[in-house]
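Work through the exercises below with the sequence and the model side by side. Try each task before reading its solution.

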Amino acid sequence: ETTSRFYPGDDVQTFFKRASKTPKPTKLRQSITPGTVLIVLSGRFRGRRVVFIKQLDSGLLLVTGPYKVNGVPLRRINQAYVIPTSTKVSLDGVDSSDISDAFFARSKQPAASKDNQLFETEAQLSDEEKAKIKAKRDRQAKFD
């Protein structure tokens, strides 16, 4: 074994070793509880007040406007992009147990060739996708 007279250069790769295999779940801010009115800071609905429903497994917040009131549908929002207010709303009669991150998953679309893309004016939806959209709208109606 030969030892070098110099310190290793900057270009020597060092590999990052994670302390634990699974990342910890995101800790919810103390001021955010179910029914809390939040102000959205970024995105399409910035400046809108929304109602916090629950925290999803991914750590994102499930919020809604409600859609009938201010046009904000069921959405996932990172808690860094909301300001909690002191206002609370009762969530009696709201069942959010069946909503998870899978509810928001997009369906895979086959890559269309460029020639076909030029002439298609509107997207062709399969019956399965139409049923999924209808189910989402029905679910939103239950929350409103």
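**Exercise 1: the pocket**

Helix H3 (residues 127-143) gives the most to the lining of the largest pocket, with 7 residues. This is a predicted model, in which local features need pLDDT of at least 70 and side-chain atom pairs count only at pLDDT 80 or more, while totals for chains, interfaces and linings use all residues. Residues are numbered from 1 along each chain as its sequence is written, and side-chain values use heavy atoms, with hydrogens and water left out.

Task: describe the volume and the lining of the largest pocket.

Solution. Start with the term: on a 1 Å grid over the protein atoms alone, a pocket is an open set of points where a 1.4 Å probe fits, with protein on both sides within 12 Å along at least five of seven lines, and lining residues have an atom within 4 Å of a point. The volume, which is the space filled by probe spheres set on the points, is about 830 Å³ for the largest pocket. Next, the lining has 19 residues, and Phe103, Phe104, Lys132, Ile133 and Lys136 lie nearest the centre. Finally, sort the lining by kind: 8 residues are nonpolar, 4 polar and 7 charged, where Ala, Val, Leu, Ile, Met, Phe, Trp, Tyr, Cys and Pro count as nonpolar, Asp, Glu, Lys and Arg as charged, and the others, Gly among them, as polar.

**Exercise 2: the order of elements**

Task: find how many helices and strands there are, and in what order they run.

Solution. Helices (H or I, at least four residues) and strands (E, at least two) are DSSP runs, numbered from the N terminus. Counting them gives 3 helices and 5 strands, and reading from the N terminus gives β-β-β-α-β-β-α-α. Between strand S3 (61-64) and helix H1 (67-70) there is a loop that holds Pro66, and the peptide bond from Gly65 to Pro66 is cis, with omega near -5 degrees.

**Exercise 3: the cores**

Task: name the residues of the largest nonpolar core and the elements that supply them.

Solution. A nonpolar core is a set of buried Ala, Val, Leu, Ile, Met, Phe, Trp, Tyr and Cys residues joined through side-chain atoms within 4.5 Å, and buried means under 20% relative accessible area, exposed over 50%, and partly exposed in between (1.4 Å probe, protein chains only). The largest core has 11 residues, namely Ile32, Leu38, Val40, Phe45, Val50, Phe52, Leu61, Val63, Val72, Ile77 and Val82. Strand S1 (36-40), strand S2 (49-55) and S3 each give two or more residues to this core. A second, separate core of 8 residues includes Ile53, Leu56, Leu62 and Leu74. Across the protein, buried residues make up 22% of the 144 residues.

**Exercise 4: partners far along the chain**

Task: place Thr87 and Gly71, and list what each one touches.

Solution. Take Thr87 to begin with: this residue is in strand S5 (residues 82-88), and it counts as partly exposed because its relative accessible area is 43%. With residues up to four places away in sequence not counted, Thr87 is in contact (heavy atoms within 4.5 Å) with Gly35, Thr36 and Val37. The C-alpha atoms of Thr87 and Val37 are separated by 5.6 Å, although the two are 50 residues apart along the chain.

Turn then to Gly71, which is in the loop between H1 and strand S4 (75-77) and, at 26% relative accessibility, is partly exposed. Leaving aside neighbours within four places in sequence, Gly71 touches Phe45, Arg48 and Pro66. From Gly71 to Val50, 21 residues apart along the chain, the C-alpha separation is 9.8 Å.
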